[in-house]
Amino acid sequence: MKAVLQRVAKAQVDVEGKTVGKIGLGFLILLGAEDSDTVETADRMVDKICKLRIFKDENGKTNLSLADVGGQILVVSQFTLYADCKKGNRPSFIKAGNPEHAEQLYEHVIERCRVYVEKVESGIFGAEMEVQLVNDGPFTLVLDNRELGF
């Protein structure tokens, strides 16, 4: 499982001109899954994300978690995180998870985020989406479960 995590002042996702998810201060998570990912992988990824201390405290140090600042989460499916650009100029997406499996994990991640955060919004899996955000910092992390050891 891969996630691009962006600390945002606000973010929203629109599908066919309608806003389907919108948050204030918090995390925009672009999420991709592969076939070897499991519910346990998803749980560990969410636990890691929600416990990260990347918000500034009163001294300007990144010591506060999402819960500490009353932050929100917007999760957007992003199979292109598994693009393989080694050959040629057209990316291959063969490493991206089977859509049915990936969607189940995506929905699970959304529900798991609600363990930590009151407001969790999402895009629509498989839809053409327009994502808008105001990156806070900017502060962007790329998380890969394999690099994190789970």
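**Figure 1. The cysteines form zero disulfides under the rule used here.** A disulfide is counted when a pair of cysteine sulfur atoms lies within 2.5 Å. Let us begin with cysteine 113, whose sulfur is 4.7 Å from the closest cysteine sulfur, that of cysteine 50, and therefore too far for a bond. Cysteine 113 is buried, with a relative accessible area of 1%, while cysteine 85 is exposed at 53%. Here buried means under 20% relative accessible area and exposed over 50%, with partly exposed in between (1.4 Å probe, protein chains only). This is a predicted model, in which local features need pLDDT of at least 70 and side-chain atom pairs count only at pLDDT 80 or more, whereas totals for chains, interfaces and linings use all residues. Residues are numbered from 1 along each chain as its sequence is written, and side-chain values use heavy atoms, with hydrogens and water left out.

**Figure 2. The whole chain combines three helices and eight strands.** Helices (H or I, at least four residues) and strands (E, at least two) are DSSP runs, numbered from the N terminus. Followed along the sequence, they give the pattern β-β-β-α-β-β-β-α-β-β-α. The C-alpha trace spans about 50 × 40 × 30 Å along its principal axes. A compact globule of 150 residues would have a radius of gyration near 15 Å, and the chain agrees, with 15 Å; the radius is taken over C-alpha atoms, and the globule rule is 2.2 Å times the number of residues to the power 0.38. Of the 150 residues, 41% count as buried. Among the contacts with a separation of 6 or more, 73% come from residues 24 or more positions apart, a contact being heavy atoms within 4.5 Å.

**Figure 3. The largest nonpolar core holds 28 residues.** Such a core is a set of buried Ala, Val, Leu, Ile, Met, Phe, Trp, Tyr and Cys residues joined through side-chain atoms within 4.5 Å. Phe27, Ile29, Ile73 and Val75 touch the most other members. Two or more residues each come from strand S1 (2–15), strand S3 (26–32), helix H1 (39–51), strand S4 (53–56), strand S6 (72–77) and helix H2 (99–116). H2 gives the most to this core, with six residues. A second core lies apart from this one; it has nine residues, including Val4, Val8, Val13 and Leu74. Back in the main core, take a look at isoleucine 73: beyond four places in sequence, its contacts include Ile23, Phe27, Ile29, Cys50, Leu66 and Cys113.

**Figure 4. Helix H1 has the span its residue count predicts.** Its 13 residues should span 18 Å at 1.5 Å a residue, and the end C-alpha atoms are indeed 18 Å apart; the expected span is 1.5 Å times one less than the number of residues. At the start of H1, a side-chain oxygen of threonine 38 comes within 3.3 Å of the backbone nitrogen of glutamate 40. The buried residues of H1 include Thr41, Met45, Ile49 and Cys50.

**Figure 5. Glycine 32 and alanine 33 are both buried.** Glycine 32 belongs to strand S3 and has 3% relative accessibility. Leaving out residues up to four places away, glycine 32 touches Met1, Lys2, Asp37, Gln78, Leu81 and Tyr82. Alanine 33 sits in the loop between S3 and H1, with a relative accessible area of 9%. With neighbours within four places set aside, alanine 33 contacts Met1, Tyr82, Ala96, Gly97, Ala102 and Leu105.

**Figure 6. Asparagine 145 is a buried residue of helix H3 (residues 145–148).** Its relative accessible area is 6%. A polar atom of the asparagine 145 side chain lies 2.6 Å from the backbone oxygen of phenylalanine 150. Residues up to four places away aside, asparagine 145 touches Met1, Asp37, Thr41, Met45 and Phe150.

**Figure 7. Two backbone details are worth a visit: a cis peptide bond and a positive phi.** The cis bond runs from glycine 137 to proline 138, with omega near -5°, and proline 138 is in strand S8 (residues 130–144). Glutamate 16 has a positive phi of about 50° although it is not a glycine. Glutamate 16 lies in the loop between S1 and strand S2 (18–23) and is exposed, with a relative accessible area of 78%.

How values were computed:
Polar contact = N/O pair within 3.5 Å; in protein donor to acceptor, adjacent residues only side chain to side chain.
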